[in-house]
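Please take a moment with the sequence and the model below before reading on. The paragraphs that follow go from the single chain to the pair of chains, and then to the DNA.

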Protein chains: 2
Amino acid sequence: MADVARLAGVSSQTVSRVANGQTGVVESTREQVLAAMRELGYRPNSAARSLRYGRFNTIGVILFGLSSTGNSRTVEAIATHAAAEGYAITLIPVDVPTQDNVLGAFTRMGELAVDGVILIIEVHLLDATAVSLPPGVHVVVVDSDAGDRYPVVDTDQADGTRQAVRHLIDLGHRTVHHVAGPAASFAAERRAGAWRATLEEAGLPVPEIERGDWSADSGHRAGLRLAADPSCTAIFAANDQMALGVLRALHESGRRVPADVSVVGFDDIADSSAYLPPLTTVHQDFAEVGRRCVRLLLDQIHDGPAAPGTDLVPTTLTIRQSTDRVRGPATPDA
Amino acid sequence: MADVARLAGVSSQTVSRVANGQTGVVESTREQVLAAMRELGYRPNSAARSLRYGRFNTIGVILFGLSSTGNSRTVEAIATHAAAEGYAITLIPVDVPTQDNVLGAFTRMGELAVDGVILIIEVHLLDATAVSLPPGVHVVVVDSDAGDRYPVVDTDQADGTRQAVRHLIDLGHRTVHHVAGPAASFAAERRAGAWRATLEEAGLPVPEIERGDWSADSGHRAGLRLAADPSCTAIFAANDQMALGVLRALHESGRRVPADVSVVGFDDIADSSAYLPPLTTVHQDFAEVGRRCVRLLLDQIHDGPAAPGTDLVPTTLTIRQSTDRVRGPATPDA
DNA sequence: TCCACGGATGTTTACGTTAACAATTTCCGC
DNA sequence: GCGGAAATTGTTAACGTAAACATCCGTGGA
């Protein structure tokens, strides 16, 4: 900057004024400065700016597993909306969600150049580490039950599940089997809980749960077990990938979808409309989740801490071709 | 820091020494300082550190579309390896890849607190904007043909394609149809080119190309057209999602896979082993791509600019159940 | 006893920027 | 032509940190 000032024959303050587009610089001077900037390839030093302003214009995102379906879309939405507000985002992935690693991420985040943090992570781990969250850092949590301590943005898991299970009940199924996500996952537990509650409300029997790990392969294994049960005519999988595995298992076991068994997924990932058959599933609005996260966090940064509480993003059931009215109890056409 | 020094009754320099774990501080003093740090909740200001050191310990990643299959895994690998070296990563997503937007991302990146940039983007856009890349910033490009100007890390698209097409030829297919990605995509063009070259080398006819846009739906449309051609017995799709669409189209058209038609994909995404049938596909090592990116960039940051050139990450063909020996020309079993 | 030495700690300075204030120039109306 | 207001430009200081150098102290050897 001093070099630019010297070359342009002005003071560094004038250079600063030009760099920030402030008024009060006569046109000829401004052009001289701009020319000098170009010649020297001047770029403002954001570290010095941050130091001066006490703000970084950066949001940190701590997450476990970027590749997992929804996360990348949420992060993308966060990044897009943050960019629109002049904020960059810094990613801290936690590869294995041990407490130590999460704690380490917090520590690193604490030393990092961020004005606030968005946490996309299994909240079970959050409990023990809550103490170590740097006090001055603003936080928004995604998909968790930390609603009593932090502002939370979450998909309305319960309502989405209810829509899915109700849809199957309304089609005449006598009960709905559930392929759940891992017990350690908060979202999985919410979906399993809502599935059970919806069945109980309807006065229907609650079959034993099948546990998967979100992967298509685990869905396939669960699907093979369910396919062996002739009374099983409706399956609600906790995500689309496991539903894909279920579809394959049913196909391999000679049970037709939706003629013999109806299947519903959760997420509405891009491919689910191309499954065999196209999957009926609960649509999650990841982009909206990201949008609300950014807004909540920026509100905190600008206006001070926000009250804890949960902001639920609604879901919609997308009906495709994997669900149908129930037919006679396992009566082959032939 | 000054507060900590006051509370501990030492100078700020001593606090700095303790904060950085330097030697030459007697144990009793160190503990006093640490106690003061805890009491005041002291966290070092990274902006000031960056200013002092002239480095940010941050890598910028510019990309178009985080949700696209491979990108999120590449980014995850980049983030993980960068973290291992003490670098954070800052994400700049470009939602619509117009030149203006890319240019804007560069400008923002230029003002951003990054020591280097990894570009994951269609290179066609890079051409025009190359001029505006800030000269002092180190760059590594992923999946592009900028090998004459920047260091590039790329999956070995050509070899992967050759393996896929050869596999089908070796199974006795008389030719291989291709469902390509969008013409604007560099990776799509590389795969299409290698597909054509491999067929020509083998002296086989080159059928007309089917264009998709990477989505399963576009693969479905292309698949319906190919299914109508009874001479088509082998299809190479430029990615797994389009292959999924092709599988559905073939199923709907009553053509069995792999009995009537063999299908090969590209990417080996997590779900492809759960397709109907499990998909034979070219495995891409996204994690390795990310790893090499980080290494190349850090080498530049530490040792000065690297020579342009392309670093190819090998691929392997994963054979599953969607490919089989060719049977008689469209002779139904019945 | 005194000096040299080394370890522990303090002081000064600079990193690049911008707010606040000061100084200078320009312009207008009388 | 002059006073004064407004516009333009310059000067100073501060943000938090750490390198470089300075100072202080105790220790050990001559």
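Two residues are taken to be in contact if their C-beta atoms, placed from the backbone, lie within 7 Å. With that cut-off in hand, and keeping in mind that this is a predicted model, one can look at how chain A is put together: among its contacts between residues at least 6 apart in sequence, 71% join residues at least 24 apart. Chain A contains 12 helices and 12 strands, and buried residues account for 50% of its 334 residues. Its outline can be described in two ways, since the C-alpha trace spans about 95 × 40 × 30 Å along its principal axes, while the radius of gyration is 26 Å, where a compact globule of 334 residues would have a value near 20 Å.

How is chain A placed with respect to chain B? A rotation of 180° with 0.0 Å of shift along its axis superposes chain A on chain B, with an RMSD of 0.1 Å, and that is the relation of a two-fold axis. Both copies use the same surface, in that 100% of the contact residues of chain A recur in chain B.

Turning to that interface, 44 residues of chain A are in contact with 45 residues of chain B. On the chain A side, at least two residues each come from α4 (46-53), α5 (69-84), β2 (88-93), α6 (99-111), α10 (216-227) and α11 (240-252). By class, this side of chain A has 22 nonpolar, 14 polar and 8 charged residues. The strand β2 of chain A also pairs with strand β2 (residues 88-93) of chain B, in the antiparallel sense and over 3 bridges, and here Thr90(A) stands opposite Thr90(B).

The DNA remains to be considered. Around DNA strand C there are 22 residues, of which Met1(A), Ser16(A), Asn45(A), Ala48(A) and Gln13(B) are the closest; the elements giving two or more residues to this surface are α2 and α4 of chain A together with α2 and α4 of chain B. The surface near DNA strand C divides into 9 nonpolar, 10 polar and 3 charged residues.

DNA strand D likewise has 22 residues around it, and those that come nearest are Gln13(A), Thr29(A), Met1(B), Ser16(B) and Asn45(B). Two or more residues of this surface are given by each of α2 (12-19) and α4 of chain A, and by α2 (12-19) and α4 (46-53) of chain B. Its residues comprise 9 nonpolar, 10 polar and 3 charged.

Notes
Residues are numbered from 1 along each chain as its sequence is written. Chains are lettered from A and ligands numbered from 1 in the order in which they are written. This is a predicted model: local features need pLDDT of at least 70, side-chain atom pairs count only at pLDDT 80 or more; totals for chains, interfaces and linings use all residues. Helices (H or I, at least four residues) and strands (E, at least two) are DSSP runs, numbered from the N terminus. Ala, Val, Leu, Ile, Met, Phe, Trp, Tyr, Cys and Pro count as nonpolar, Asp, Glu, Lys and Arg as charged, and the others, Gly among them, as polar. Two strands pair if DSSP finds at least two bridges between them. A residue is near a molecule or strand if its C-beta atom, placed from the backbone, lies within 6 Å of it. Copies are superposed by least squares on the C-alpha atoms of residues with pLDDT of at least 70 in both. The radius of gyration is taken over C-alpha atoms; the globule rule is 2.2 Å times the number of residues to the power 0.38. A residue is buried if 20 or more other C-beta atoms lie within 10 Å of its own, exposed if 12 or fewer, and partly exposed in between; C-beta atoms are placed from the backbone.
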